[in-house]
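Let's take a walk through a protein fold together, one region at a time. Keep the picture open as you read, and find each residue as it comes up.

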Amino acid sequence: MSGTEQIRSNTVLAARREDIELHTADGLTLVGELALPLDRDPVATLVTLHPLPTEGGFMDSHVLKKAAHRLPALADVAVLRFNTRGTSSPRGTSEGDFDGGEAERFDVAAAIEFAEFHESPMLAHRWLLGWSFGTDLALMHGADPSVEGAILLSPPLRHVQREHLERWAEFGAPVTALVPEHDDFLQPSEAVERFAPLRQARVVGVEGCKHLWVGEKMVRRALNEIVAIVAPEVGELPSEVDAALVVG
């Protein structure tokens, strides 16, 4: 018997991982990765949108990277990560230039389209997962009929206007905002007020948390909240796994 191992900050669990390219309607190629359950079809799919690239955000921002490292194995959830235009990571650099959230609408559309039309396997039950700047992209550009809803980590609502929230309200898909108690930009009490035009939004205050979700405790909280929404049948994620599942 192989025994068990504790899931640590740098743990990578077995999955099918493939480099992907997204092609935008304005002619750019974006680089990314799709992580899939090792030997099963996914029960849900996360299309992730990373934090602000001008402040160091990219597809490997730690919560998104850990989601890709763990959730295919622990929850049968597929995780699609990519660099928005002009953003670099070890995977490579996406073409184009940062545009403050405007031209990035093409990036969001390309990621959603890739997930919608992926066939082997089908990427079922697609959800947007945005973090910080990525939450602005989700709210501004993500109200697409092929997604089931959005999960927002540390939403600053920096670029989001009332009209974007009202559009999501009309769209009707569920939105959950995970708002850190000690966020630098938007804290839970204010978030409740700011999200009021988006009638179906659920604001969850996260005690003891900061904008960057630093520490394994906060990462576990984020991943458990995400799985509770997209794959509730999974239950709470384990802190230990069969050592045979650990690949890094």
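**A guided tour of the model**

Strand S2 (residues 16-23) and strand S3 (residues 29-36) run antiparallel and are joined by 8 bridges. Before going further, keep in mind that this is a predicted model. To see one of the pairings, look for isoleucine 20: its bridge partner in S3 is glycine 32. The hairpin of S2 and S3 has 5 residues between the strands, and there glycine 27 takes a positive phi near 90 degrees.

Now move to phenylalanine 82, which sits in strand S5 (residues 77-82). Is phenylalanine 82 buried or exposed? Its relative accessible area is 1%, so phenylalanine 82 is buried, the cut-off for that word being under 20%. Its surroundings tie back to the hairpin you have just seen: setting aside neighbours within four places in sequence, phenylalanine 82 is in contact with Leu22, Leu30, Val31, Gly32, Thr48, Leu49, His50, Met59, Asp107 and Ala111. Gly32, the bridge partner of isoleucine 20, is one of these contacts. You can also compare distance along the chain with distance in space: phenylalanine 82 and phenylalanine 58 are 24 residues apart in sequence, and their C-alpha atoms are 7.7 Å apart.

One of the contacts of phenylalanine 82 is Asp107, so let's go there next. Aspartate 107 belongs to helix H2 (residues 104-117). Its relative accessibility is 0%, and therefore aspartate 107 counts as buried. Which residues touch this aspartate 107? Leaving out those within four places in sequence, aspartate 107 is in contact with Thr24, Leu30, Phe82, Thr84 and Arg85. Leu30 appears in the contacts of aspartate 107 and also in those of phenylalanine 82.

Another residue to find is histidine 69, placed in helix H1 (residues 62-75). Histidine 69 counts as buried because its relative accessibility is 14%. Beyond its neighbours up to four places away in sequence, histidine 69 touches Thr11, Val12, Leu13 and Arg17.

Next, some details of the backbone. Serine 120 and proline 121 are joined by a cis peptide bond, with omega about 0 degrees. You will find proline 121 in the loop between H2 and strand S8 (126-131). Following S8, look in the loop between S8 and helix H3 (133-141) for serine 132. Serine 132 has a phi near 55 degrees, a positive value in a residue other than glycine. With a relative accessible area of 10%, serine 132 is buried. Serine 154 also has a positive phi, about 55 degrees, although it is not a glycine. This residue lies in the loop between strand S9 (150-153) and helix H4 (162-171), and serine 154 counts as buried at 0% relative accessibility.

Let's turn to the interior. In soluble globular proteins, nonpolar side chains tend to be buried together. Here, the largest nonpolar core has 39 residues, and Leu128, Leu139, Leu152, Trp168 and Phe195 have the most contacts inside it. A second, separate core has 36 residues, among them Ile7, Ala35, Val77 and Val219. For a closer look at the largest core, pick leucine 139: not counting residues up to four places away in sequence, leucine 139 touches Leu152, Leu157, Val160, His164, Leu165, Trp168, Phe195 and Leu198.

Finally, consider the empty space. Rolling a probe the size of a water molecule over the atoms shows where empty space is left. How much space lies in the largest pocket? It holds about 260 Å³. The lining of the largest pocket has 15 residues, and Pro51, Glu55, Ser132, His211 and Leu212 lie nearest the centre. Ser132 is the serine with the positive phi. By type, the lining of the largest pocket has 6 nonpolar, 6 polar and 3 charged residues.

The structure also holds 1 cavity of 30 Å³ or more, and the largest cavity has about 60 Å³ of space. Its lining is made up of Ile7, Arg70, Leu74, Arg220, Leu223, Asn224, Leu237 and Pro238. These divide into 5 nonpolar, 1 polar and 2 charged residues. H1 and helix H6 (216-230) each supply at least two residues of this lining, and H6 gives the most, with 3 residues. Ile7 lines the largest cavity and also belongs to the second core.

Methods
Residues numbered from 1 in each chain as written. Predicted model: local features only at pLDDT ≥ 70, side-chain atom pairs only at ≥ 80, totals over all residues. Heavy atoms only, no water. 1 Å grid on protein atoms, 1.4 Å probe; cavity = no way out; pocket = protein on both sides within 12 Å on 5 of 7 lines; lining within 4 Å. Points joined across faces, edges and corners; volume = space filled by probe spheres on them. Nonpolar A, V, L, I, M, F, W, Y, C, P; charged D, E, K, R; others polar. Pairing = 2+ DSSP bridges. Helix = DSSP H or I, 4+ residues; strand = E, 2+ residues; numbered from the N terminus. Core = buried A, V, L, I, M, F, W, Y, C linked by side-chain atoms within 4.5 Å. Buried < 20%, exposed > 50% of the residue type's maximum accessible area, 1.4 Å probe, protein only. Contact = heavy atoms within 4.5 Å.
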